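These are my notebook entries on a structure that I had not looked at before. I wrote down what I looked up, one topic at a time.

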Amino acid sequence: LNMEMKSNNHNTILNEKKVIEKISKIFKCEYLYSGADVFSKLDGFLFKDDCIRGCFEVKVRKQTLSWFEDYKSCMFSFNKIQDGSEVSKMFGIKFFIFIETSDGHILSFQITDRKGRIVCPMNMRYQNLKKTSSFTKGQEKLITSAYLSLEDNPYLKIYKKQN
């Protein structure tokens, strides 16, 4: 089981790196992907002309673009959005979330402006989860999910599958 988890993690890292390589070509920039080597609040940074220009989170999903369009949103952890907003504010850069669909499209959400303010439209949902470990049995944890809008969203760009 441990080897299977390592293999899945390795595949995730490879897939995320492929997405970032595509994004760096689209944005005409360089990148630093930190998601592979160390625990980090975010997956990496974008650079252009030797200056830091943005920070990002990247995900590879098993759903198609049409699936996301049917649901009109993408679910993402609000804690990650808060982390990205803090880094954005600290460095004066934009925070992006990149999501690759199973059919090869890339959804690029600009989440914050350069002042760390969240600009991307989203809806919030809250859910109480009961903890199941023997140490925390019966305790609840509040999970906050952000649903990033695919409708009338000026902070979303969809890049078609590249052959």
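**Surface and burial.** I started with the outside of this predicted model, where the chain exposes about 10500 Å², with carbon and sulfur atoms supplying 51% of that area. I then looked up burial and noted that 38% of the 163 residues of the chain count as buried.

**Overall layout.** I counted along the chain and recorded 3 helices and 9 strands, which follow one another in the pattern α-β-β-β-α-β-α-β-β-β-β-β when read along the sequence. For the contacts in the chain with a separation of 6 or more, I noted that 55% come from residues 24 or more positions apart.

**Nonpolar cores.** Which residues have the most contacts inside the largest nonpolar core? I found that this core has 22 residues, and that Ile-81, Ile-97, Leu-107, Phe-109, Ile-111, Met-122 and Leu-148 are the ones with the most contacts inside it. The elements that give two or more residues to this core are helix 2 (65-71), strand 4 (73-77), helix 3 (78-91), strand 5 (94-100), strand 6 (106-110) and strand 8 (140-149). Apart from this core lies another one, of 13 residues, and I wrote down Ile-20, Phe-56, Val-58 and Tyr-159 as being among them. As background I kept one remark, that in soluble globular proteins nonpolar side chains tend to be buried together.

I followed Met-122 further and, leaving aside its neighbours within four places in sequence, listed Phe-78, Ile-81, Ile-111, Ala-146, Tyr-147 and Leu-148 as its contacts.

**Helix 3.** I turned next to helix 3, whose 14 residues reach 20 Å from the first C-alpha to the last, close to the 20 Å expected at 1.5 Å a residue. At its start, a side-chain oxygen of Ser-77 reaches to within 3.2 Å of the backbone nitrogen of Asn-79, and just after the helix I noted that Gly-92 takes a positive phi of about 70 degrees.

Which residues of helix 3 are buried? My list reads Phe-78, Ile-81, Asp-83, Gly-84, Ser-85, Val-87 and Ser-88, and what covers the buried residues of the helix includes strand 2 (44-48), strand 3 (51-60), strand 4, strand 5, strand 7 (122-130) and strand 8.

I picked out Ser-85, which is found in helix 3, and saw that it counts as buried because its relative accessibility is 14%, with the cut-off for buried set at under 20%. Not counting residues up to four places away in sequence, Ser-85 touches Phe-95, Thr-112, Gly-116 and Ile-118.

**A charged residue in strand 5.** Is Glu-100 buried or exposed? I had placed Glu-100 in strand 5, and with a relative accessible area of 10% it is buried. The side chains of Glu-100 and Lys-22 are joined by a polar contact of 2.7 Å. With its neighbours within four places in sequence left aside, Glu-100 is in contact with Val-19, Lys-22, Lys-59, Val-60, Arg-61, His-105 and Ile-106.

**Aromatic pairs.** I looked up the ring pairs and found that the structure holds 7 aromatic pairs. One of them joins Phe-27 and Phe-98 edge-to-face, at 5.8 Å centre to centre and with 75 degrees between the planes. This pair links distant parts of the chain, since Phe-27 is in helix 1 (residues 2-27) and Phe-98 in strand 5, 71 residues apart. Phe-27 counts as partly exposed at 21% relative accessibility, whereas Phe-98 counts as buried at 0%.

Trp-67 and Phe-68 form another edge-to-face pair, with 5.2 Å centre to centre and 90 degrees between the planes. In this pair Trp-67 is partly exposed, with a relative accessible area of 35%, while Phe-68 is buried, with 3%. I also noted a cluster in which ring pairs link Phe-27, Phe-56, Phe-96 and Phe-98.

**A loop residue.** My last entry concerns Asp-50, which is found in the loop between strand 2 and strand 3 and is exposed, with a relative accessible area of 80%. I checked its separation from Cys-29, which is 21 residues away along the chain, and wrote down 9.5 Å between the C-alpha atoms of Asp-50 and Cys-29.

Technical notes
Residues are numbered from 1 along each chain as its sequence is written. Side-chain values use heavy atoms; hydrogens and water are left out. A nonpolar core is a set of buried Ala, Val, Leu, Ile, Met, Phe, Trp, Tyr and Cys residues joined through side-chain atoms within 4.5 Å. Buried means under 20% relative accessible area, exposed over 50%, partly exposed in between (1.4 Å probe, protein chains only). Helices (H or I, at least four residues) and strands (E, at least two) are DSSP runs, numbered from the N terminus. Contact means heavy atoms within 4.5 Å. The expected span of a helix is 1.5 Å times one less than its number of residues. A polar contact is a pair of N or O atoms within 3.5 Å; within protein, one must be able to donate a hydrogen and the other to accept it, and residues adjacent in sequence count only if both atoms are side-chain atoms. Accessible areas come from the Shrake-Rupley method with a 1.4 Å probe; for residues, only the protein chains shown count as cover. Rings of Phe, Tyr and Trp (its six-membered ring) pair if their centres lie within 6.5 Å; planes under 30 degrees apart count as stacked, over 60 as edge-to-face and the rest as tilted.
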